[in-house]
Every structure is written in structure tokens, then in C-alpha cells.
Amino acid sequence: MSHDPNDPVPRPSGSAVPGGLARRLRSFDFFSVAFGSIIGVGWVVVMGAWLRQAGPLGAMLAFALGGGVMFLIGLCYAELTAAMPVCGGEIAFAYRSYGLGKAAFVGWFLALGYIAVSGFEALSIGRVVAYLLPRTDSLPLYTLQGNPVYLPHLLLGVGVSLVITFINYRGVRLAASFQNGLTFILIGAGVIFVVAALARGSVAHVAPLFAEHPAGGLMAVFITTPLWFVGFDIIPQAAEEALPDFPPRRLGQLILIAIVGATLFYLMVILSVSLLEPWRDLIGRELPTAAAFRLAFATPLLAELVLVAGLVGLLTSWNGFFLAASRVIFSLGRARVIPAAFGVSHPRYGTPSRAVLLAGVVTTLSPFLGHRTLGAVVNVSSACFAVAFLGVCLSMRALRRKDPAMPRPYRVPAGRTVAALGAL
């Protein structure tokens with residue numbers, strides 16, 4: 001990776017990359033890859049825990065506060081991404097701020113985090129589909145730690161992983177179009193849920209507003225919110241693939257828009273579920289979000305739409321995190337932290353093809369590990385992203401001090417203070 005002191009963007013050296021990445025991403029492409037990755041499927045499968053711990057208003061306050069904290073970190077991402085719109089953004093930020101050693105450290109954590117989440121999606125899809133089609137919980141092949149691995153789950157995880165690998169191998173435009181279509185479905189479903197809840201729900205169902213221990217419950221939900229907001233950080237991974245005339249400042253704006261949009265989505269979904277049925281009657285059900293719509297409308301139609309939207313959310317997050325994983329691997333190869341062959345783009349498709357294949361192999365093998373590994377995968381990925389977020393905040397603060405003249409198309413007011421708060 002070459003570096004001109006007068007150039008804020010570390011650029012690939014020519015011998016490592018015979019051809020650059022294809023530059024085909026537009027504004028909505030960046031928004032959909034971030035928003036779709038943030039939303040995922042948590043709002044379907046974890047709603048009961050949110051309500052049980054904090055109550056409706058407590059959960060909403062926790063997500064509002066969590067969104068505010070992530071907005072602070074997002075501001076740091078916004079400034080640095082606009083200043084250095086290159087593949088594997090966090091690696092470039094740390095490289096410019098602290099040198100190759102710390103950049104490699106951040107890069108390893110990023111690669112592990114994104115690949116872990118991709119594997120999580122491959123493990124999860126069988127369970128999500130089983131809610132729609134219970135018969136898929138059949139034909140156990142073997143048992144790991146007391147948990148059966150079913151053939152239909154295995155086929156789903158491997159099959160969808162191969163499809164996503166193929167899409168990302170063939171071109172970023174194809175991956176973005178796939179993401180855009182799914183994001184439109186996700187947003188449309190969210191609008192339907194909110195309108196239906198406002199039309200049929202009752203404010204009386206929301207009482208009591210808080211769970212038994214308001215402060216403790218709010219904090220219990222609040223400390224998990226960073227996990228439910230991960231995904232806005234995918235924009236820096238693909239920043240180098242924006243259209244040639246794409247304004248760098250817009251990259252920073254889109255990061256913040258995705259965080260705000262996701263916060264509103266979470267708040268409206270929590271409110272909608274709480275309006276439809278007394279929330280204390282829902283928390284014992286396996287999928288409270290779907291159960292609320294089934295009970296309120298006495299028909300499985302909207303409940304099934306909830307499950308379909310959850311499956312769509314799983315696919316948007318899977319595609320987004322897979323894209324990010326391949327770009328981080330590509331960036332590490334380009335910097336020769338790993339073999340330089342992974343930093344080579346495809347001569348025809350303009351994708352980091354070898355990095356895509358590596359991410360595809362790891363993700364495709366994940367369903368064989370069984371569902372008992374899900375908790376470990378979540379813990380590993382959460383720790384990795386915490387390191388990356390901290391690194392970005394510290395990089396922004398360091399560059400404000402070391403290189404105040406660096407061009408910043410998106411400049412955050414009181415940047416050093418914001419970076420310190422984000423790091424804290």
C-alpha cells in the first residue's frame with residue numbers, strides 16, 4: 001500500500017492490483033446495504049426479550065439512546081470515510097493514523113467479525129425457515145453438543161451461501177441490485193406493520209410502560225443495542241466502488257441516514273407490537289412479533305408476512321456482511337498483510353474475486369457446526385466490532401491532531417470531542 005504524505009487516501013500499489021474494483025454503486029445502493037444489514041432478523045426473534053426486560057417504553061428509550069450512541073460513532077465514520085473513500089475503510093484510517101501494524105490489527109478483527117456474522121446467517125436461516133415451514137426440522141444427520149443438525153437446514157445454509165457467493169463474485173452491481181430489491185420489501189413490510197398496528201391497536205395494551213425494574217431493564221436492553229446497529233460500517237468497505245463522479249461527502253451523510261432510519265424502524269416496530277396485544281401476554285411466546293399480528297387480526301396472513309420480512313432481513317444482512325468481509329480480505333491482501341493474491345480484482349467483473357471465494361468457503365462450511373455455536377459466533381463478532389469502532393474513533397481524534405489540514409469533505413463540528421465520546 002503506497003502512501004503520499006500529501007494525499008489523504010492510501011492507494012494500492014500498482015503491482016498488487018492489475019485492475020481496480022468496478023465503480024458502479026449509487027446512493028441508494030449504499031443506503032440499502034447499510035440499512036438492510038442493520039435491520040436483519042433480530043426484531044423478529046428477540047422482541048420478547050426486549051419487552052420482558054424493559055417494557056414497551058423502556059425498550060424504545062433503550063433503542064433511542066443506543067441509536068444516539070451509534071450516531072456519535074457514525075459521525076467519526078462519516079468524516080473519515082468521506083476523507084478516505086477506499087476499500088476496507090477502517091484499515092486505511094488506522095494506517096494513516098498509526099501505521100501498518102495497528103492497521104493490520106484492526107483489519108484482522110474486522111475480517112473475523114464480518115466472516116463470523118456471515119457464518120451466523122448461514123447457521124440461522126434454517127431456524128428462521130423452520131418457523132414458516134416446521135417440517136424442515138426433520139432428517140437429523142448428526143448431533144453436536146446435544147443439538148441435532150438437520151439435513152434441510154444444512155441444505156438451506158449451504159445453498160444460499162453458494163448463491164450469495166456467486167452474486168458477489170459476478171459483480172458489485174448484481175450484489176447491489178439484489179440488496180436493493182430485498183430492502184424495498186423490508187421497508188414496505190415495515191410500513192404495512194405500522195399502519196396495521198395504528199389502525200387496529202389500542203393504547204391500553206401498552207400499559208404498563210416499563211417492566212418491573214425500569215432502570216435495570218432499560219440498561220439491559222441498551223447495552224445490547226450496538227449489536228443491533230452493526231451494518232452502517234459496511235459503507236466504508238465499499239466506498240471505493242462508488243460511481244466515479246460520486247461526491248465523497250455523500251458517503252458520510254448516508255452512514256448517518258442509515259443509523260437514523262434503522263433507529264426509527266426499531267422504535268416503530270416495538271410500538272406496533274405493543275399496541276396490538278397486551279405485551280405481557282406476548283413475552284412468553286416464541287416469536288412475539290408474529291404472534292401479536294396473528295392474535296390481533298385472527299388470521300395468519302400478517303403473521304406470515306412478519307416471518308417473510310424476517311427472512312428478507314436475514315438475507316439483506318447476510319449479503320451486506322458478506323460483501324464487507326470480502327472487501328476487508330481484499331484490503332488486507334492489497335496491503336500485503338495476507339498473501340497479495342487476495343488483493344487482486346477480477347479482470348472482467350471488477351470484484352475482489354479471490355477474497356469473495358475465501359469468504360464463501362468459510363461461510364459455506366458454517367452450517368455444519370450446528371446451532372449451538374450461534375452464541376459463540378455472536379460474542380466473537382460483537383467483540384471484533386467493538387475493537388473496530390474504538391479504532392475509528394481514536395483514528396479520527398489522532399488525525400485531527402496530527403493532520404489538521406487533511407481535506408475533509410464531511411467535517412464533524414467539535415470533532416475531537418465527538419471522537420472522544422464515541423471512543424468512551
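Which residue follows α4, and what is the sign of its phi? In this predicted model, α4 is followed by Gly-99, and the phi of Gly-99 is positive, near 100°. The helix that comes just before this glycine is a good place to start. Helix α4 covers residues 89-98, and nine of its 10 residues are buried, so the rest of the structure largely encloses it. The buried set runs through Gly-89, Glu-90, Ile-91, Ala-92, Phe-93, Ala-94, Tyr-95, Arg-96 and Ser-97. Charged side chains are thus part of the list, with Glu-90 and Arg-96 both counted as buried. As for what does the covering, the elements lying over the buried residues of α4 include α3 (47-83), α5, α10 (234-238), α14 and α16.

Several of those helices turn up again around the open space in the model. The largest pocket has a volume of about 580 Å³. It is lined by 27 residues, and the ones closest to its centre are Val-41, Phe-120, Ser-124, Trp-228 and Val-378. Two or more lining residues come from each of α1 (27-39), α2 (42-45), α5 (100-132), α9 (225-229), α14 (300-334) and α16 (374-402). Sorted by class, the pocket lining has 17 nonpolar residues, eight polar ones and two charged ones.

Then there is the closed space. Searching the whole structure turns up three cavities of 30 Å³ or more. The largest cavity comes to about 70 Å³. Its lining is made up of Ala-122, Leu-123, Gly-126, Pro-148, Val-149, Tyr-150, His-153, Leu-154, Pro-367, Gly-370 and His-371. Here α5, β2 and α6 (151-170) are the elements that give two or more residues. Seven of the lining residues are nonpolar and four are polar, with no charged residue among them.

The second largest cavity holds about 60 Å³ of space. Around it sit Leu-25, Asp-29, Phe-30, Ser-32, Val-33, Val-172, Ala-175, Ala-176, Gln-179, Ala-238, Asn-319 and Leu-323. At least two of these lining residues come from each of α1, α7 (172-200) and α14. By class, the lining of the second largest cavity splits into eight nonpolar, three polar and one charged.

Strand β2, which helps line the largest cavity, also belongs to a small piece of sheet. Strand β1 (residues 140-144) pairs with strand β2 (residues 147-150) in the antiparallel sense, over four bridges. One of the partnerships joins Pro-140 to Tyr-150 in β2. Tyr-150 is also one of the residues lining the largest cavity. The two strands form a hairpin with two residues between them, and in the turn Gln-145 has a positive phi of about 55°.

What about the cysteines? The disulfide count comes to zero. For Cys-76, the closest cysteine sulfur belongs to Cys-393 and is 3.9 Å away, which is too far for a bond because a disulfide needs the two sulfurs within 2.5 Å. Cys-87 is in no disulfide either, and its nearest cysteine sulfur, that of Cys-384, is 18 Å away. Both cysteines are tucked inside: Cys-76 is buried at a relative accessible area of 0%, and Cys-87 is buried at 2%.

Finally, two residues towards the other end of the chain share some contacts. Pro-352 lies in the loop between α14 and α15 (353-365), and although it is a loop residue, Pro-352 is buried, with a relative accessible area of 0%. Leaving aside residues up to four places away in sequence, Pro-352 touches Leu-21, Ser-326, Arg-327, Phe-330, Val-344 and Ser-345. Its C-alpha is 21 Å from that of Leu-315, a residue 37 places away in sequence.

Ala-355 is in helix α15 and is buried as well, again with a relative accessible area of 0%. With the same sequence neighbours set aside, Ala-355 touches Ser-326, Ile-329, Phe-330 and Phe-342. Ser-326 and Phe-330 therefore appear in the contacts of both Pro-352 and Ala-355. Val-344, a contact of Pro-352, is 11 residues from Ala-355 in sequence and 8.5 Å from it in space, C-alpha to C-alpha.

Technical notes. Residues numbered from 1 in each chain as written. Predicted model: local features only at pLDDT ≥ 70, side-chain atom pairs only at ≥ 80, totals over all residues. Heavy atoms only, no water. 1 Å grid on protein atoms, 1.4 Å probe; cavity = no way out; pocket = protein on both sides within 12 Å on 5 of 7 lines; lining within 4 Å. Points joined across faces, edges and corners; volume = space filled by probe spheres on them. Nonpolar A, V, L, I, M, F, W, Y, C, P; charged D, E, K, R; others polar. Buried < 20%, exposed > 50% of the residue type's maximum accessible area, 1.4 Å probe, protein only. Pairing = 2+ DSSP bridges. Contact = heavy atoms within 4.5 Å.
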